[in-house]
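Colleague: I'd like to go through the side-chain interactions in this one. Can you put it up and start with how you call a charge over a ring?

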Amino acid sequence: MTTRNAHAAAISTAVSSALLTAAILLARGTELATAAAGDCVVTLPPNPLTATGLSTPWVVSGQGCTQTAAGMPTFAECAVVDPAANTVAIYSPLLINQGQKFVTPTVPTIPAGATVGCWFGTNGATTTLKDTTNGADLKNANCVNGANGNIFGQFAACNAANFFGAANGANIAVPALGTGKNGKPCYTTRSYQSVDMDPSDNMVTTYLVNANGMIGQKTVANAKTLTTELNNGSDNLLVDAFLRPALGCTAFTAKNLADPNGPPVGALALNELQAAKLQASPVALVPPNDPMVLINAAMSKKKLNRYRAAVNQPAGAGSAAEATTFCQNMLAVTAASIITDSQFTKVFTSPDPANGNNLFTFLVQRFEASWMGLGCMNLVQVQYLNGAKTTPIIANRNGNGVCVSMTANTAALQTLAVANGVNTKAA
């Protein structure tokens, strides 16, 4: 679907442990970069949430943070809720590098009384928001980048809590989940079957570029001359473009205000609205041991709840008990579903062929890295078949580092694998 770079991403500088950082980068499917590379900065224009501000290109800077297929691009994705019409529409502001040629963005139509929220993701290591008014525009736009001067990492948002407040109060037509080929309700971004160590991050947004580096919004007209897609390696894109199609499910989409007569598009905001309304228990909310919400490798209730508010999730206690529960459900639900869904995921394209040779093996290595990145081996008692490997599922990689098979590392998972026809190497 895209190049490896389009799906690769690094994660929060908040975690100081080198081992944990390596595990996080592994989960994202990227290579360890130098400390400064990938620290991407987005400078917003004045009044960024107005039609004029949204259609003014937002400027990305930082080492390696080029808005090209060869760089580490950054993405913005906004949603507009019109309470009078009970509708949500999507608009992705165009992010460019200073001096980069671009196709003039479409000016969106923002209805009177509408509320706009925006979210940010990057294929680099971190996203930091700036403005040209010493923070005044960021404050007026209710932008959230982290807590206590410690950024989330790849993620940021503006006016998100207000957007969700308005959307939750409107009578938005949220589509039913449907039933997948596996006989289960289709997965959401809050299904344990779909999450990793840092749920609800990054965007569905796609930009278009050509061989000369010109960039534009994804529209039918632009696609005629800008033929390469830039996509954000994200949980949202994984669910919308890989897991759901593999299981015969469809994404929640809405009008694209950059191309009103073109096809509808998905978005983080739509996924969170649908998950909030329809996800059955157990619900996978951002856990307090998510590296994006740590401060100096310690759990932070304040940072956790700033993040949760930005993705329409209820506040948490920021406790070790929440962290343990998340890990327990990863063992009971996530690991098991990787095996039971394998007949569908083995025959579906990998989001990142450099890390998994199909969707199944991609999910295997993602689980392994997430288990380590969350420190689940220290929170959940597991009787491993191979005690030297403290993860319930082991990713087996070939000489090129690509995961090509799995090893079930508990008796229960090994039995499940055999029952589902999954070849599993002896632990």
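Modeller: A charge sits over a ring if NZ of Lys or CZ of Arg is within 6 Å of the ring centre and within 35 degrees of the ring normal. The charged end of Lys346 meets that rule over the ring of Phe360, at 5.4 Å from the ring centre.

Colleague: Fine. What should I know about the model and the numbering?

Modeller: This is a predicted model, so local features need pLDDT of at least 70 and side-chain atom pairs count only at pLDDT 80 or more, while totals for chains, interfaces and linings use all residues. Residues are numbered from 1 along each chain as its sequence is written, and side-chain values use heavy atoms, with hydrogens and water left out.

Colleague: How many salt bridges are there in the whole structure?

Modeller: The search finds five. The rule is a side-chain nitrogen of Lys or Arg within 4 Å of a carboxyl oxygen of Asp or Glu.

Colleague: Which residue does Glu272 pair with?

Modeller: Arg190, with the closest N and O atoms 2.8 Å apart. This salt bridge links distant parts of the chain, 82 residues apart: Glu272 is in helix H7 (residues 268-278), and Arg190 is in the loop between helix H5 (160-169) and strand S12 (206-209). Helices (H or I, at least four residues) and strands (E, at least two) are DSSP runs, numbered from the N terminus.

Colleague: Is Glu272 buried or exposed?

Modeller: Buried, because its relative accessibility is 0%. Arg190 is buried as well, at 3%. The cut-offs are under 20% relative accessible area for buried and over 50% for exposed, with partly exposed in between (1.4 Å probe, protein chains only).

Colleague: What about Glu229 and Lys218?

Modeller: Their side chains meet in a salt bridge at 3.6 Å, N to O. Glu229 is in strand S14 (residues 228-231) and Lys218 in the loop between strand S13 (215-217) and S14, 11 residues apart. Glu229 is partly exposed at 27%, and Lys218 is partly exposed at 40%.

Colleague: And how are Arg244 and Asp240 placed in helix H6?

Modeller: About one helical turn separates them, because they are four residues apart in that helix (residues 235-246). Their salt bridge is 2.8 Å, N to O. Arg244 is buried at 3%, and Asp240 is buried at 12%.

Colleague: Which residues make up a network of salt bridges?

Modeller: Asp196, Asp235 and Arg366.

Colleague: Switching to rings. How many aromatic pairs does the count come to?

Modeller: The count comes to 11. Phe163 and Phe164 are edge-to-face, because their ring centres are 5.2 Å apart and their planes at 70 degrees. Rings of Phe, Tyr and Trp (its six-membered ring) pair if their centres lie within 6.5 Å; planes under 30 degrees apart count as stacked, over 60 as edge-to-face and the rest as tilted. Both Phe163 and Phe164 are buried, and ring pairs link them with Trp119 into a cluster.

Colleague: Where does Asn97 sit?

Modeller: In strand S5 (residues 95-97). Asn97 is buried, at 14% relative accessibility. A polar atom of the Asn97 side chain lies 3.0 Å from the backbone oxygen of Val60.

Colleague: What does Asn97 touch, leaving out residues up to four places away in sequence?

Modeller: Val59, Val60, Cys65, Thr66 and Gln67, where contact means heavy atoms within 4.5 Å.

Note on methods: Polar contact = N/O pair within 3.5 Å; in protein donor to acceptor, adjacent residues only side chain to side chain.
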